Amino acid sequence: MMNNFRRYNLVLGWFSFLIALIVYLLTIEPSVSLWDCGEFIASSYKLQIGHPPGAPLYMLLGRLFSLFASDPANVAKMYNALSAASSAFTILFLYWTIAHLLRKIFIKNERDHHMTHYILVMGSAFIGAMAYTFSDTFWFSAVEAEVYATSSLFTAVVFWAVLKWENIADQEYSNRWLILIAYLIGLSIGVHLLNLLAIPAIVLVYYFRKYPVTRNGIIKAVLVSVIILGSIMYIIIPGIVKAGTYFELIFTNGFGLHYNTGLLVYFVLLLALLAYGIYRTQFIKKRVLLNTILTGITVILIGYSSYALIIIRSTAQPPMNENRPDNAFALLSYLNREQYGDRPLVFGHQYNAEIESVEYTKPLYILNKETNRYEVGSRKAEVKYKEGKSLFPRMYSPDGQHRQSYIQYGTIKDPKNPTYLDNIEFFLRYQVGHMYLRYFMWNFVGRQNDVQSHGGILDGRVVSGIKGIDSLWLGNQDKLTEEMVNHPARNTYYFLPLILGLIGLFFHLRKHLKDFWVVLFLFILTGIAIVVYLNQSPIQPRERDYAYAGSFYAFSIWIGMGVAGLAMTLHRWLSMKTAAVFSFIIAFLGVPMLMATQNWNDHDRSGRYVARDIAKNYLESCDENAIIYTVGDNDTFPLWYLQEVEGIRTDVRVVNMMLFNTEWHIDQMKMKAYKSEPLPLSLPNSKYRDGTNNSLIVRENERWATVDYISNFIKSNNAQTQLTLRNGNKVDYIPTHKIVIEVDSATVVENGIVKPEDAGQIVDDVRFQLTPNEQILKGNMAQLDIFAQNDWKRPIYFTAGGFDSSMGLEPYYQLDGLAYQVVPIRTPQESILVMGRIDPDKMYDIVMNKFSWGRMNAEDVTLDYYSVRTLSVIRFRNLHTRLALALLEKGEREKAVEVLDRCMELAPHSVLPYDQFVGGMTFAQRNGQTIHHEGIIESYYMCGETEKANELLSDYQRVLNERLTYFNSLKPRFRQLVDQEMYETRSQMEELRMLLTQYEQDEPIPDSGM
């Protein structure tokens, strides 16, 4: 019978794997996704260097999968398939883990091997595995090219492996399982550090199996697990490389050998010492425990050695070489994620702490390849505060927006002097409640929608589908709008997965206390412990639920246990076999089946190419050999993917302005990349190396200076062109805030920057002003140098305006598709929404002939929130409206209507919710002037398409009426949370009323109540 169990268990486990694999492969995105996915694919495909701390093992696995792509356009799909396969294997090991834990409860000897117990054990394991298969967070990560799916696989495998060891712990050579676990942990470092959080659970399994259980024994085991975890995170991972830096200094600066020689000698000596220790403890001293420890450390280092790929490939100087970790010191900084700064964990300062001084202490070494020496590039800045450190600081960010959020999520009586209890309240309400428990409930209770939440009751909240309960924290649920009720990401589970999991939790607690503690530790360490460690500030750029997938994995174990617990309860009235079957059917229909049907539409990314095509549209907006300045992840990483993988528009040089503030990124821009020539930068490395000119003060000066003068001023190294600081150091600065870019009209026309017919509009020079007595960053300094050296030879573009890196050049923008080209034609800026001029013919060709939109309006495609937000960021409707009005002004009405029709065909309300770019907007500026921007509706009226305008207006009016009806149905305590939305709704209704009056239409609009 035991063999039958093993056979059935094996088959059902692989059946679970097959279901998960099919589901994920059916729903993977066929191309690149937003956020880091494009960067991961681009770096892995050519084994280049991505952002710190890197993921070298993931790069190798992804590169292996990419070999099966039929052509470059399918490479991204293969990376997504890697996530799908990793996630399916995670489900396989989850099934076997639950089955193992339940087998210890129900099948303790040969007499317990019968079909009833088989149904209980394997049926429960199947339900738990399927619940996690269709859970919101895990499914999201399973269908895109991110590291979290592969990281989850390592967590599942090591947890399953320690349970396999538990079965044979008393047998000879059982420690090989522990060595395997150590090796897997080492490998997992090359994917993500989340896997390390399984270590405490592993140590508890070892303790419960090997030692008599006592209270003090459990405490000691937990302390040992924390020591092991801390040793790997803070000693092995950075410490191994840090020790290598001392060898590097000796061998490079001392002996004059080539850099990285010391690092190589160090690793050879380290492995030799470990090999000798293993040999001595096994064959001479016969010390099994010490031998196991040394062997474990060795295999961890062997797994960790995947990071050799980082330094090897960085030395080759590939086009993507983020942070350039080609030597020991750079690699250490890369591993420590130093570019992201520090945050307090146990002790630190609150946001109101006043800075007393800044001390520069620890030397930061950089490699001078010309002299083959390590030099002190700068020293680490340590901020000294007037106030002492506080325990467990959670409200630490001095950022103004963050300070406001601290007040929002707490009851701070004195914002200037928050108390320790205020700090704890923020921790509980925001970090635990908003940034963990909300995600937990998303997965096991239900989710309102996928709109990113920063509070309030409209976005990203928990909703169960039971109106009476949901109304307790969301207000009235009887008057929800159609778009709220039918939102594809509105998934309601009626608390059923949560209830089943809680049944399983208490069942596990009652039936097997030791294993309960093991799973509980896994649950806590991958959940609340991460919350404490991350110490997140408010207003995160995206939702962070993916960080807690391991916690949801642990809870899914209890969901499986819940089936057995439910069966034991039903056994009071039914036979055990009937209760087992009945529990399985109820649980299957009520949990995984419900979750699958609710989650399918918003997790199905098949057929969606939006991220890829928006990136392609950015590139196609640029003229040949252009330079385009980007500002964030989603206007950078997908572009990198297209250039590095699909080879699209490699003549365009993409410059990310956040990274352009670093030495390594500026150096990369000075090298040729594919068809793109080096950027015209004349600044020597000494002017932008790490620690030099990180920021430059801008002097207020009424004299105008050319960019050539500014560039030469900085490069001069003359004492008269530098400022002397209090400490005696001399630093560069910008001598005036009034900057001029000289213009030669013949050159501008000859190079195609401006068309010959527009030559009469060319200004004598481009003038813009920096903010006086403020600082600009290193990247801005490099930009000024590029403008000086470029001399209008290469077209220069920005993806946005109104930010520091645009330096006030918006009046010289020309909107070409999605990008703004800098041209020597001045166009007064109306507002941040309408910047620059439009060349109607050029823009029409780009938008109507070159652009594609990734099947965004296809019936089988669902856009997630971040895709919708990206379309809003690029102002999809606004760019079509501006183009249509420019064509209309030129007298090309038919083309204008064609543009408007294309816009609404691609982006009806069901795809991109109606907004102010449909109804138009009127607002007052600070100078008292009233600005009006036409929307799609008014543009139709202006084109004489009254019927289309009225039809669209009527539909928008219906949507606004529904919203206002919902807002008015809320009780005052909820209504105050939607004041801004109510104001915007009423403003839009007023805009529609004015349109009807202006264009003499009779259709009435109800009073908005303004």
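This report describes selected helices, surface patches, salt bridges and single residues of the structure above.

## Basis of the model

The structure is a predicted model, in which local features need pLDDT of at least 70 and side-chain atom pairs count only at pLDDT 80 or more, while totals for chains, interfaces and linings use all residues. Residues are numbered from 1 along each chain as its sequence is written, and side-chain values use heavy atoms, with hydrogens and water left out.

## Helix H26 and its surroundings

Helix H26 spans residues 637–646 and is mostly covered, since 10 of its 10 residues are buried. Here buried stands for under 20% relative accessible area, exposed for over 50%, and partly exposed for values in between, with a 1.4 Å probe and protein chains only. Helices (H or I, at least four residues) and strands (E, at least two) are DSSP runs numbered from the N terminus. Among the buried residues of H26 are the aromatic side chains Phe-637, Trp-640 and Tyr-641, and also Gln-643, Glu-644 and Glu-646.

The buried residues of H26 pack against three helices, namely H2 (37–45), H4 (75–106) and H25 (610–620), and against the strands S7 (627–630) and S8 (653–656); contact is taken as heavy atoms within 4.5 Å. Just after H26, Gly-647 takes a positive phi of about 70°.

Another buried position is Asp-667, which has 16% relative accessibility and lies in helix H27 (residues 663–669). Leaving aside neighbours within four places in sequence, Asp-667 is in contact with Arg-324, Asn-685 and Tyr-688.

## Salt bridges

A salt bridge is counted when a side-chain nitrogen of Lys or Arg is within 4 Å of a carboxyl oxygen of Asp or Glu, and by this rule the count comes to 46 salt bridges. In general, side chains of opposite charge can pair when their charged atoms come close.

One of these salt bridges joins Lys-842 to Asp-623, at 3.0 Å from N to O. Lys-842 lies in helix H31 (residues 840–850) and Asp-623 in the loop between H25 and S7, so the pair ties together parts that are 219 residues apart in sequence. Asp-623 is partly exposed, with a relative accessible area of 23%.

Arg-855 forms a salt bridge with Asp-860, with the closest N and O atoms 3.0 Å apart; Arg-855 is partly exposed at 36% relative accessible area, and Asp-860 is partly exposed at 42%. In the salt bridge between Lys-384 and Glu-382 the closest N and O atoms are 3.9 Å apart, and here Lys-384 is partly exposed at 31%, as Glu-382 is at 32%. A network of salt bridges links Glu-29, Glu-144, Arg-605, Arg-608 and Asp-864.

## Patches on the surface

Patches are made of residues with over 30% relative accessible area and no salt bridge, where like charges are joined within 9 Å and nonpolar side chains (Val, Leu, Ile, Met, Phe, Trp, Tyr) within 5 Å. Accessible areas come from the Shrake-Rupley method with a 1.4 Å probe, and for residues only the protein chains shown count as cover. Lys and Arg count as positive and Asp and Glu as negative, whereas His and the chain ends are not counted; the place of a charge is taken as NZ of Lys, CZ of Arg, CG of Asp or CD of Glu.

Glu-742, Asp-744, Glu-750 and Asp-791 gather in a negatively charged surface patch. Asp-791 belongs to the loop between helix H30 (778–790) and strand S16 (796–798), and is partly exposed with a relative accessible area of 36%. A patch of positive charge on the surface is formed by Lys-108, Arg-510, Lys-511 and Arg-572; of these residues, Arg-572 lies in the loop between helix H22 (549–570) and helix H23 (576–590) and is exposed at 67%.

Ile-466, Ile-469, Leu-472, Tyr-494, Leu-496 and Ile-499 make a nonpolar surface patch of about 490 Å². The elements that give two or more residues to this nonpolar patch are H17 and helix H19 (496–511). Ile-466 itself lies in the loop between strand S5 (446–447) and H17, and is partly exposed with a relative accessible area of 32%.

## Two further positions

Asp-478 is found in the loop between helix H17 (467–474) and helix H18 (482–485), where its 55% relative accessibility counts as exposed. Asp-478 and Ile-874 are 396 residues apart in sequence, and their C-alpha atoms are 35 Å apart in space.

Asn-167 has its place in helix H7 (residues 148–167) and counts as partly exposed at 44% relative accessibility. The C-alpha atoms of Asn-167 and Arg-209 are separated by 9.3 Å, with these positions 42 residues apart along the chain as the sequence separation.
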